[in-house]
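The exercises below are meant to be worked with the sequence and the coordinates open side by side. Try each task before reading its solution.

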Amino acid sequence: MEYALSVKDLRVSFYTRRGVFKALNGVNLELRRGEVLGVAGESGSGKSTTGLAIMGLLPRNAKVSSGSVLFDGRDLLAPLTSIRKFSTGRNESAIRKLHRELAPIRGKRISMVFQEPMTSLNPVLQVGYQIAETLVIHNPSLLASRKLARVRATREDTTALLKVIKENEGSETAVREFVESRHLKGLEEQALFIWRRNDINELRKERLILDLCCEKVGSTTKRLLESLEGGMGITKAPVLSRLLRRVLFKEGYRKAVEFLSTLGVPNPEKVVQMYPHELSGGMRQRIVIAIALINNPDVVIMDEPTSAVDVTVQAQILELVKDLKRRVNSSFIFISHDLSVLGEVSDRIAIMYGGRVVEVGPKEIVLKAPRHPYTTMLINAIPTLDGREIRGIEGEAPDMRNPPPGCIFNNRCPFAMDKCRKEEPPSYKVSEDHYVACFLQGGK
Amino acid sequence: MLIAARNLTKFFELRGGLTGKGAVQAVSDVDVEVREGEIVGVVGESGSGKSTLGRLLLGLIAPTSGEVLFDIPEELLQKYDEARSANDKKTMEEIASKYSITRKSGRELRALRRRMNMMFQDPYSSLNPRWRVEDIIMEPMVSTGYLTGNEARKRVRELLEEVGLPREFAYRYPHELSGGQRQRVALARSISTLPSFLVLDEPTSALDVSAQAQILQLLKRIRERFRIGLLLITHNIAVVSYMSDRIYVMYAGKVVEGGPKTSIISKPQHPYTVALISAVPGNSRGPRVILRGEPPNLVDPPKGCHFHPRCPMVMDNCGWTAKEVAEELEFLLRGRYYGMLKEGSKVVPQGELEILVEGAKAEEVRKVIEEEKEEVKSLRSIYEVREGNGGALVKLMRYDIPGMYRTDEGREVSCLIYRKT
Ligand SMILES: Nc1ncnc2c1ncn2[C@@H]1O[C@H](COP(=O)(O)OP(=O)(O)OP(=O)(O)O)[C@@H](O)[C@H]1O
Ligand SMILES: Nc1ncnc2c1ncn2[C@@H]1O[C@H](COP(=O)(O)OP(=O)(O)O)[C@@H](O)[C@H]1O
Ligand code: SF4
Ligand code: SF4
Ligand SMILES: [Mg+2]
Ligand SMILES: [Mg+2]
């Protein structure tokens, strides 16, 4: 099977004044195409570090001692693992190199949503600007095509387009074919968005679609837009004139409005003009999700996206993620300390403890028939609505500066055997798709 | 009755208060009760007024109005309630002057401090980082004059044991403890004077589930052993469901439903409680209700029932005002009914219950309302549309404000659906 992304034997330590914390101790994870992979575990188990490593966003005191993140046939972490002798200086320059290499990928092919939306939004910029910005950086050719399509289209074109839409009841392929036959690429998503709106009447929709034509731009701007459309990356394009920037951002706002409306944001025309602090927590989180998804990335990492919002808003966002999974082609890694949240959205669930994945399998199996002692105890500790008795896990999580040898759970595990204190259990396949890193599952 | 709040209200004046900046209506007209040895859960979303209620009950902040009656005999409380229904201010005042915590002073108040205490959410900031565990736990015993220094020091060792920590922890500093251990210390401190009433504000929200489970079990044991009445504040419904005997559900500063835990969880009555319980992840009973929007701004909360803009069951008299209806009407007339509103015309609220649709014909507006009121519920509050000066004049019915209605088995619900006619 080909994976959207895979993490192999990832080991990361943090160098601090209080010692070296071994945060990840051989993490293996495979993300399948189109799935939502849930990642659960207590605080400090390495969930966020795994997400940050995939994004190449590790801080400079993080040493990647081994492992790889394979994406699209290459190892994203290669610049970091190639460091021989660790020093923050050497690490820093490697991280800078990594950032340069990942710049075209981050935000476009892999993107991340963080717990606290305020940290990823710029407080002094309109949210529409911030959504437009990711488009201008990563997908200027799309913006150029959209704009040029409206410049090139004649009233006759849009009249014919409207006819095609009506005759085919808004079929995407029919519209796409028509648009391509007339060299008006970029018009399809605009027209279909209008057609699918349900807050306006037919008459209004028809008007708006007919009006997707006959726009005017200056000849220089047009030439610049055409070179962008021709696939010239924004970095290679001639120094962007102010004018062109303005045109692209305006188009970005336009697409932002369309995209927000598909994310269930009411009154998106108004919302794009607002600043982050004017929005509620739930709305901000939707904006961050929009920024992460607008370039149609292959992989989206969501780190505790609902932990800072209220229960009823959490339910809205979980509903949105489920809906996105059906609609878009991205694959998701959804990190949460709350197993019941993961039960709502995931296809598979991975349980982390002490910087390792101790169990991974299909959602139902991990939740209903877990095989790793830690998973079982974790589930027994969660209060549920039926008010059943719960039990805490005795003992404390190990000090990651000096983790116990052997199985990382051995100081709290009621089944620990001699072997568990000497060897690290490998991951055993216990049934189709279900892997457990515990000696009880084999290798006696 | 250990503690009973009546018509308890707290408005926080915004800066510039009297000059018209308004106030945050954090708690409005709330009645709650906690009996000896009872665990009462308070659930609600962020900003619903839970912490403010807790601080009011302990007298840590002064109410804007209303009473907190402490240790009041059942007969007197009943008498107070009867006087309240009869609007007999004199009897109410007589009882309140004896039992209300806001009327106590000096020595009485110090004795009271010993009998009630609070434990906070954040195990990192609630403990003084420069004090050792021993000093932290001792402090309330000494400052309330409950025990002398030496007696208190001895008692610290017993308390540590009580909360499951080794005695040696007395000499540690907070930064040497994990989050769960800090909450144990905080608990030891808050039970040190053997209080009869304890407010726990999100005691486990900052903890992992495994540490949370330990603290919750510990709390249950402490309650048994010392017969403390606990008010457990949390946004986590499953935690409340595991812990409580009774529950209050708060929304936008009001208690919207109260009653025994089991019956509320299995058969919620208030539409907000229904949605809240159905939104608990992993809950598989019944269909999920996804509410639209978010809790309101409490400076200018919705009129009538505070929940009406999001309520899936909302009726015509639940609180719709001209501003809300005008907004939705305008949205329809500019979108779905494009063309009906002339260029430059507006939909203008006039006062609380009237709207002018400029330049429109009453007949046409009436049709739109008929067509849409199934879906756009605010339109149901319209009872008349007629030709007015310069357009169609839309009139809304006067809304009702829900009271607290008793339903079954000691339950009460603040929703007009349950109003007995
Ligand atoms: N000292 C204060 N001054 C002004 N407003 C306040 C003050 N304390 C609380 N508020 C406001 O009162 C309302 C209720 O706050 P409260 O802290 O009681 O909510 P809560 O239910 O405990 O929320 P959370 O779940 O976030 O802790 C909020 O709108 C809050 O901003
Ligand atoms: N920047 C950092 N510097 C030092 N230690 C860190 C840093 N980031 C994370 N850690 C440590 O790495 C471990 C894993 O943390 P994290 O990945 O954030 O866990 P989770 O997201 O599962 O809560 C923890 O022990 C944490 O304290
Ligand atoms: S390997 Fe040993 S210590 Fe680790 S979980 Fe399994 S039984 Fe417990
Ligand atoms: S009174 Fe009841 S029905 Fe009306 S809005 Fe409030 S909760 Fe909904
Ligand atoms: Mg994290
Ligand atoms: Mg609070």
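**Exercise 1.** Which helix of chain B gives the most to the shell around ligand 1, and with how many residues?

*Solution.* Bear in mind first that the model is a predicted one. Begin with the nearest residues: the shell has 13 residues, and those that come nearest are B:Ser46, B:Gly47, B:Lys50, B:Ser51 and B:Thr52. Then sort the shell by element, where helix 1 of chain B turns out to contribute the most, namely three residues.

**Exercise 2.** Characterise the shell by residue class, and list polar contacts to the ligand.

*Solution.* Counting by class gives six polar, four nonpolar and three charged residues around ligand 1. Next, take the atom pairs in turn: a side-chain N or O atom of B:Thr52 lies 2.5 Å from an oxygen atom of ligand 1, a polar backbone atom of B:Gly49 is 3.0 Å from a ligand oxygen, and for B:Ser48 a backbone N or O atom is found at 3.2 Å from an oxygen of the ligand. Finally, turn to area: of the 640 Å² that ligand 1 has accessible on its own, the protein covers 64%.

**Exercise 3.** Determine how many disulfides the structure holds, and decide whether A:Cys413 and A:Cys438 are buried or exposed.

*Solution.* Over all chains, the number of disulfides is zero. For the accessibility step, the cut-off for a buried residue is under 20% relative accessible area. A:Cys413, at 17% relative accessibility, therefore counts as buried, and A:Cys438, with a relative accessible area of 9%, is buried as well.

Terms used. Residues numbered from 1 in each chain as written. Chains lettered and ligands numbered in written order. Predicted model: local features only at pLDDT ≥ 70, side-chain atom pairs only at ≥ 80, totals over all residues. Heavy atoms only, no water. Disulfide = S-S within 2.5 Å. Buried < 20%, exposed > 50% of the residue type's maximum accessible area, 1.4 Å probe, protein only. Near = heavy atom within 4 Å. Polar contact = N/O pair within 3.5 Å; in protein donor to acceptor, adjacent residues only side chain to side chain. Areas by Shrake-Rupley, 256 points an atom, 1.4 Å probe, with all protein chains shown as cover. Helix = DSSP H or I, 4+ residues; strand = E, 2+ residues; numbered from the N terminus. Nonpolar A, V, L, I, M, F, W, Y, C, P; charged D, E, K, R; others polar.
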